[in-house]
Amino acid sequence: RDLLLDPAARDAADVSHKVLAVASSSSKDKATKFISDLNIPSPCAAYSSYEELVSDPNIDVVYVATPHSHHYQNVMLALNAGKNVLCEKAFTVNAAQTKILIETAQKKNLFLMEAVWTRYFPLSVQIRESIKAGEIGEVLRTVADTSFSDDVEVRWGTEHRMVNPDLAGGALLDLGIYSLTWVFQTLYHTLPKEQRKPPTVLSQITPYHLTGADEATTILLNFPTSTPTNSAHPRQSHGVAMTSIRVAGDPDEEGTTGANIRIQGTLGEIQVFGNPFRPVRYRVIPKKGAGKGEVRDVKCEFPAGGHGMYWEADEVARCLRDGKLESEGMSWDESIAIMEVMDEVRRQGGLSYPEKIESVEYPLQL
Ligand SMILES: NC(=O)C1=CN([C@@H]2O[C@H](COP(=O)(O)OP(=O)(O)OC[C@H]3O[C@@H](n4cnc5c(N)ncnc54)[C@H](OP(=O)(O)O)[C@@H]3O)[C@@H](O)[C@H]2O)C=CC1
Ligand SMILES: O=C1OC[C@@H](O)[C@H](O)[C@H]1O
């Protein structure tokens, strides 16, 4: 729906999007129904296989929105057919798969990006700019929580992709990625490239008793830097990334518990409210007496009633127009660093998925 909204309404008239085809691996009728339900303008082809879709010469870029377990195989299919790709989060099941996708895109001179839509919200861009400009001083800690109190057995059962190990289910890859996004985009992405270093990781996982997928994961990260910020000692910052599908970060969905994200600097704090994947406002709180002004509240507007996915789509269009293979906002290096954190969390928690979906073999029938 976001792709169909007029970019001018969000000051993005320099790009445009056309949905030219939709594919369903289970039935052509499903693709046809999707096109009619959304009123996608003609011409828009309906395909009954992903193979057919990636062979369509009219298509510039394919959006992969299948369960995590299938991303590696689906993205390889598209890249091998010469298509640029935007692939939903979590990028793949493990870092080894992500690295091969990136190498393949590089070799074939194709654009590839992990679809972490939140990074392209104006709110995220503004917060990163504020951090880089030193508005809250040196940022030394970020706490992020992406959690829902679902009645897990009733809502997700055992087969749904949220909890099914065969589909790489679990809180970590589905929701924990957003907590990690906030930790990384505030403690890692905001540093000059040469100062970014992968964090060390300590974590705990609670398995869902019916499937073994993680229902709760808590991660403590330590980000070192190579360059001292003063002559005495190099900077270190801490990230706390939490996720659960059993207890909520925001139980009444009114923000009564406070912010789901707290970004803490030596001169103040930025708090982000709303679901961490679709934040609705943020507050900058200067430290008392630091001379950095008043508390500042900023709302996220969603022009034309969009959901907020159009901003990442605009980024993809701009990258393609400008001949870029990767997006600066969600760079390949950062996707790999985050996947490596999730690999380490799963290693520490003894959580692995079936061999087939952890495999880097391609093609493989899943
Ligand atoms: N950015 C965001 O806000 C959101 C992102 N996501 C991400 O999007 C991806 C898909 O999530 P979601 O749409 O909830 O997933 P669904 O379980 O609804 O699956 C999406 C589609 O994937 C296809 N598919 C292909 N193979 C399989 C398989 N073996 N089992 C099930 N489905 C299969 C099916 O389409 P068909 O049969 O027609 O081919 C299905 O309709 C995930 O990576 C998720 O993390 C999800 C929700 C929100
Ligand atoms: O990316 C997502 O954001 C919204 C959630 O409800 C969903 O499970 C997840 O995949």
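A salt bridge here is a side-chain nitrogen of Lys or Arg within 4 Å of a carboxyl oxygen of Asp or Glu. By this rule, the structure above, which is a predicted model, comes to 19 salt bridges. One of them joins D174 and K89, and both of these residues also belong to the surroundings of ligand 2. Here is a quick tour of that site.

**The salt bridge at the site**
- The closest N and O atoms of D174 and K89 are 3.4 Å apart, so the pair falls within the 4 Å cut-off.
- This pair links distant parts of the chain, with the two positions 85 residues apart in numbering.
- D174 belongs to helix α7, which covers residues 171–187.
- K89 lies in the loop between β4 (84–88) and α4 (95–108).

**Who surrounds ligand 2**
- The residues around ligand 2 are K89, R161, M162, D174, Y178 and F277.
- By class, this shell divides into three nonpolar residues and three charged ones, with no polar residues.

**Polar contacts to ligand 2**
- The side chain of K89 has an N or O atom 2.8 Å from an oxygen atom of ligand 2.
- For D174, an N or O atom of the side chain is 2.7 Å from a ligand 2 oxygen.
- Y178 places a polar side-chain atom 2.5 Å from an oxygen atom of ligand 2.

**How ligand 2 is housed**
- On its own, ligand 2 has 270 Å² of accessible area, and the protein covers 66% of that.
- The second largest pocket is where ligand 2 sits.

Definitions and conventions:
Residues are numbered from 1 along each chain as its sequence is written. Chains are lettered from A and ligands numbered from 1 in the order in which they are written. This is a predicted model: local features need pLDDT of at least 70, side-chain atom pairs count only at pLDDT 80 or more; totals for chains, interfaces and linings use all residues. Side-chain values use heavy atoms; hydrogens and water are left out. A residue is near a molecule or strand if one of its heavy atoms lies within 4 Å of it. A polar contact is a pair of N or O atoms within 3.5 Å; within protein, one must be able to donate a hydrogen and the other to accept it, and residues adjacent in sequence count only if both atoms are side-chain atoms. Accessible areas come from the Shrake-Rupley method with a 1.4 Å probe; for residues, only the protein chains shown count as cover. On a 1 Å grid over the protein atoms alone, a cavity is a set of points where a 1.4 Å probe fits but cannot get out, and a pocket is an open set with protein on both sides within 12 Å along at least five of seven lines; lining residues have an atom within 4 Å of a point. A molecule sits in a cavity or pocket if more than half of its atoms lie within 2 Å of its grid points. Ala, Val, Leu, Ile, Met, Phe, Trp, Tyr, Cys and Pro count as nonpolar, Asp, Glu, Lys and Arg as charged, and the others, Gly among them, as polar. Helices (H or I, at least four residues) and strands (E, at least two) are DSSP runs, numbered from the N terminus.
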